[in-house]
Amino acid sequence: MKNFLNFLKSKTFLIQLGLAVVAILVLVFISLQWLKSTTNHGEFVEVPDFSKMSVSEMRKAVEDAGLRYQVLDSSEYNPDYPRFSILDQNPPAGNKVKSNRKIYFTVNPSGYKKVSVPDIIQVTQRNAASMLRAVGLDVERVTYIDELGKDMVYNMKFKGKYLKPGDKLPKTSKIELICGNGTIPGSARVQAESN
């Protein structure tokens, strides 16, 4: 044990220990310099605001900023934004990122997705309106005709054309309901009187 303690106090050991510490410090310094140069340490790019840009404008702006991009699937249509424009971006505008960072974009689709018109024939006007709202459609107006079923839906129209259940319309479309007013139609009255 005494020999070991004497070795720890020897000049040879202290020189070797000093050389090892210097070698570690040099290695750490070289590693840090290499990391700084390869990761562009301290160099940032500010993310521009891409909102409402078209996809082609966004591509040019991304390349000019030294970034990369990926377009994600479009979400719900937003009428406040132009068609095929940028709705959302991640990371948001103003963030500082490294050059060549990938920015993720959500693009506004060309319009609302289409939904099927529910079967509301022979349903009350109130229930029909609820069924339409449930699928994303709405009632534009109600027109009454001479039919016995008061407030019963007999037909549907969209932009002047008759609809059938199952027809596809863009979400948020407004439908005209043709309902009965509770009066017996004139043709039915004539037939009943002739019998």
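A nonpolar core, as I use the term in these entries, is a set of buried Ala, Val, Leu, Ile, Met, Phe, Trp, Tyr and Cys residues joined through side-chain atoms within 4.5 Å. I keep in mind throughout that this is a predicted model.

**Entry 1, the cores.** I looked up the largest nonpolar core and found that it has 15 residues, with Met-156, Ile-175 and Leu-177 making the most contacts inside it. Helix H4, strand E8 and strand E11 each supply at least two residues of this core. A second core, separate from that one, has 13 residues, among them Val-47, Phe-50, Val-62 and Phe-105. I note beside this that in soluble globular proteins nonpolar side chains tend to be buried together.

**Entry 2, Met-156.** I then listed what Met-156 touches, leaving aside its neighbours within four places in sequence. On the earlier side of the chain, the contacts of Met-156 include Val-117, Pro-118, Ile-120 and Ile-121. Further along, Met-156 is in contact with residues including Tyr-162, Leu-163 and Pro-165, and also with Ile-175, Glu-176 and Leu-177. Lys-161 and Lys-164 are on the list of Met-156 contacts as well.

**Entry 3, helix H4.** Which residues of H4, the helix spanning residues 125–135, are buried? I found Ala-128, Ala-129 and Leu-132 to be buried there. These residues lie on the same side of H4, because the arc they cover around the axis is only 100°. Among what covers the buried residues of H4 are strand E7 (138–150), strand E8 (153–158) and strand E11 (174–180). On the face turned away from that buried side, I found the exposed residues Arg-126 and Ala-134. Just after H4, Gly-136 takes a positive phi of about 100°.

**Entry 4, backbone in the loops.** I looked next at backbone angles in the loops. The peptide bond from Asn-90 to Pro-91 is cis, with omega near 5°, and Pro-91 is found in the loop between strand E3 (86–90) and strand E4 (96–97).

Gln-122, a residue other than glycine, has a positive phi, near 65°, and its place is in the loop between strand E6 (114–116) and H4. I recorded Gln-122 as partly exposed because its relative accessibility is 49%, and the cut-off for exposed is over 50%.

Lys-159, also a residue other than glycine, has a positive phi near 55°, and I placed Lys-159 in the loop between E8 and strand E9 (161–162). Is Lys-159 buried or exposed? At 73% relative accessibility, Lys-159 counts as exposed.

Conventions. Residues are numbered from 1 along each chain as its sequence is written. This is a predicted model: local features need pLDDT of at least 70, side-chain atom pairs count only at pLDDT 80 or more; totals for chains, interfaces and linings use all residues. Side-chain values use heavy atoms; hydrogens and water are left out. Buried means under 20% relative accessible area, exposed over 50%, partly exposed in between (1.4 Å probe, protein chains only). The arc is that of the directions from the helix axis to the C-beta atoms. Contact means heavy atoms within 4.5 Å.
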